[in-house]
Amino acid sequence: MTTIANASSGVIGQPMLRREDPKLLSGEARFTDDLKIPGALWIGLVRSPFANAKIISIDTQDAKASPGIVAVYVASDLQSEWAGPIPSAWQVTPDMKSPAHYPLASGKANYVGDPVAVVVGNSPTEVADAVALVDVSYEELPAVVDLEEALTDANVIHEELGTNKCYVWELNPNPQGIEDAFKSAAHVVKERYIQQRLIPAAMEPRSVAVVPSPMGGDYTLYSATQIPHILKVMTALTVGISESKIRVIAPSVGGGFGSKLDVYPEELLCLALARKHKVPVRWTEERTEGAQATIQGRGQVQHIELAADKDGKLLGVRADIIADMGGYQQLITAGVPLLGAFLYHGAYHTPTYAFKCTGVYTNKTPTDAYRGAGRPEATYAIERAMDSLAKTVGVDPAEIRRRNFIPTESFPYNSPAGLVFDSGNYGPNLDQALTAVGYDTLRADQEKRRAEGSTKHLGIGLSFFVEMCGLAPSRVLASLNYAAGGWESATVRILPTSKVQVVTGTAPHGQGHETVWAMIVADKLGISVDDIEVLHSDTSIAPHGMDTYGSRSLSVGGSAVHIATERVLEKAQKIAAHLLEASEDDLEYQGGIFSVKGSPDKTMPLAAIAFEAFTAHNLPDGLEPNLEATTTWDPPNFTFPFGSHIAVVEVDEETGKVELLRYMAVDDCGPRVNPLIVEGQIHGGLAQGIGQALYEEAVYDSAGNLLNATFADYLLPSAAELPTFELGNTVTPSPTNPLGVKGIGEAGAIASPPAVMNAIVDALSHIGPIQIEMPASPERVWKAIQAVRA
């Protein structure tokens, strides 16, 4: 590859406003439910009110006779429409047990909200009225709700499996070493934590519309999805329509957080019924319906043990978790815990490591990826346990982390779990956070309050996270039995009039790809971002892609854009050298203009080269017309961003109320292409992580009923509950991609729950050994205080 001197124009690193926002803020953006589709039928789902029940009979006569109703179907009516069950893309072990999961339940419902019939009609209101008229007779069975009870198989949910256990996945590269570490340890810490279930609550509910072609045979599927390319493949396989006949478009998508990283029954039903009725078919989720019908996140019981020497240096880390699958497998349900399986030792060096996960079915909504997907769970366990180790050893929480950090000189670091951490410089990052928050002053204030007998206690909580993201490379995913790859595709073309089109396989839904991808190209080509259009989320325009999740977009998709831009520029350089009658090595490029070194009068702008490439009148021999390049980037490794987060809370021991006073985050995601977008991503992640720590939990009763399916009962933090976030950053480039970047979209959600919970425990540490699970509601905190004092 020929190096072009002075190619960068300084766009990268600038805090540019998102170009997507004017349409979103002015109401001009069009979401799936906004689409005007003449002649479309609507569907509504009849959902089980029981968590575990046999379906005795379904009477649809009254519903069929209801005004505006075209048809009502049960599972047996549509069985011939399916080429296979709803896909699960992650068979984590060869013997993993997975029940067949079809869009409509047949014979038995396995969670509250499990669809048992579908009503098709002319309007959503008529459909809703008819759904209420479908008479289903059930035989209710005992619900399996508790994870540890589920493992006993006292009540087996799926009789055909013979057990509630889905799989057991273990990672133990040195069994004797881990045993010896715990036998020889001066200190052993054993902790049990609960990762409660969370409702994703994206701003836009799920919505889908399928439009068949007038002549039949071709289908355009509009969906509020994160994964248009994956959805296209999976719907083709499930509904039995040629992939070449399906076009998937994700219009404006109002958030996802993993909840739209799935293939849902409603998408498959709309496609199958559009084929059956030969007219458009659509559906939009009701908010309360979504609390049960859209996947939920987290759901784990965690056991973690640390072995350390007398100074608190780790000798071994051992984790054993039970992961809640819910009633069925969704797209990557079983694999979510594995995304954290390699990180329960966190940012700390330990000679030995072992991890075990047992997946188990329950009569609850299926789980799947939710912001962070396995990484928040791992970080929570190790960061809470590190605070316990600090207390056991008798040192400050910051000191115990310093003693155990992976040394900077050890990177790339071969972790005991088998990963290679790309780069890290942890100590300076922590020091920056401690200095910025005024750590010593806060500790002095804490002691002053205690000495004065205050009942409002100050707590300072630390969390240091490292995550693996940029979901790739494909061969590593294959070793984990994941069905898809980790590559990403991009096309960059310079049009004859010198405007630039970028086609990306990523599918943004709030991440700002249109802005950032344009910045990457503008920086390399030396042109205005206003001259660049970014096309995405339409499988006919961008036929190749692996979509957006797992903080992969910039390091994988952005790198693909960068490489394609370089290749376009290399071709332009060949044309410029030919037309200027100079050697390629003698050319310089700056501000969109090629020039010959030492001959400032011999220049050619990129715009002129683009037109020359279009006319093809005078191109070098063997060079194809037009300036366009397509590349597929499959990275050699994950990226490993990291950071220090510090929460400062005030806990009122008389009421149990927790007030978050301050929050400091110093993140390292490598070079920041657009600092403004980075900060926005951190803010959003922090709100969700703090929500998990203090407010959010999907609460089920013993019968498997979700007790807080509305926002009147499911608490989400607003700006009023959150402080102004204080942000800093360090920069440690990744050597695994040409931009040196790492992910940031999930960082806030990963680091903040343990920071807040450590702060609460720290505030009350002088009272006694406080045990508090998330969310730390006033009632839960007050009861924990009373339990210590009893």
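Start by selecting aspartate 538 and arginine 247: these two form a salt bridge, and their closest N and O atoms are 2.6 Å apart. Keep in mind as you click around that this is a predicted model.

Now zoom out and colour the domains. Domain 1 takes in 4–28 + 487–633, domain 2 covers 32–141 + 203–255 + 260–293, and domain 3 is 297–471 + 637–789. Notice that each of the three is put together from separate stretches of the chain. Hide domain 3 for a moment and look at the other two. The C-alpha centres of domain 1 and domain 2 sit 40 Å apart.

Next, show the residues where these two domains meet. You should find 15 residues of domain 1 in contact with 14 residues of domain 2. About 1,300 Å² is buried between domain 1 and domain 2, with carbon and sulfur atoms giving 55% of that area. On the domain 1 side, pick His509, Thr539 and Asp547: they lose the most area to domain 2, together 45% of what that side buries.

What kinds of link cross this interface? Between domain 1 and domain 2 the count is one salt bridge, and eight residue pairs are in polar contact there. As for the side of domain 1 that touches domain 2, its residues split into five nonpolar, eight polar and two charged.

Last stop: the cysteines. How many disulfides does the structure hold? Zero. To see why cysteine 669 has no partner, select it along with cysteine 469, which has the closest cysteine sulfur: the gap is 9.3 Å, too far for a bond. Cysteine 669 is also buried, with a relative accessible area of 5%. Finish with cysteine 270, which is buried too, at a relative accessible area of 0%.

Technical notes. Residues numbered from 1 in each chain as written. Predicted model: local features only at pLDDT ≥ 70, side-chain atom pairs only at ≥ 80, totals over all residues. Heavy atoms only, no water. Domains from an automatic or database assignment. Contact = heavy atoms within 4.5 Å. Buried area = accessible area lost by both parts, 1.4 Å probe. Salt bridge = Lys/Arg side-chain N within 4 Å of Asp/Glu carboxyl O. Polar contact = N/O pair within 3.5 Å; in protein donor to acceptor, adjacent residues only side chain to side chain. Nonpolar A, V, L, I, M, F, W, Y, C, P; charged D, E, K, R; others polar. Disulfide = S-S within 2.5 Å. Buried < 20%, exposed > 50% of the residue type's maximum accessible area, 1.4 Å probe, protein only.
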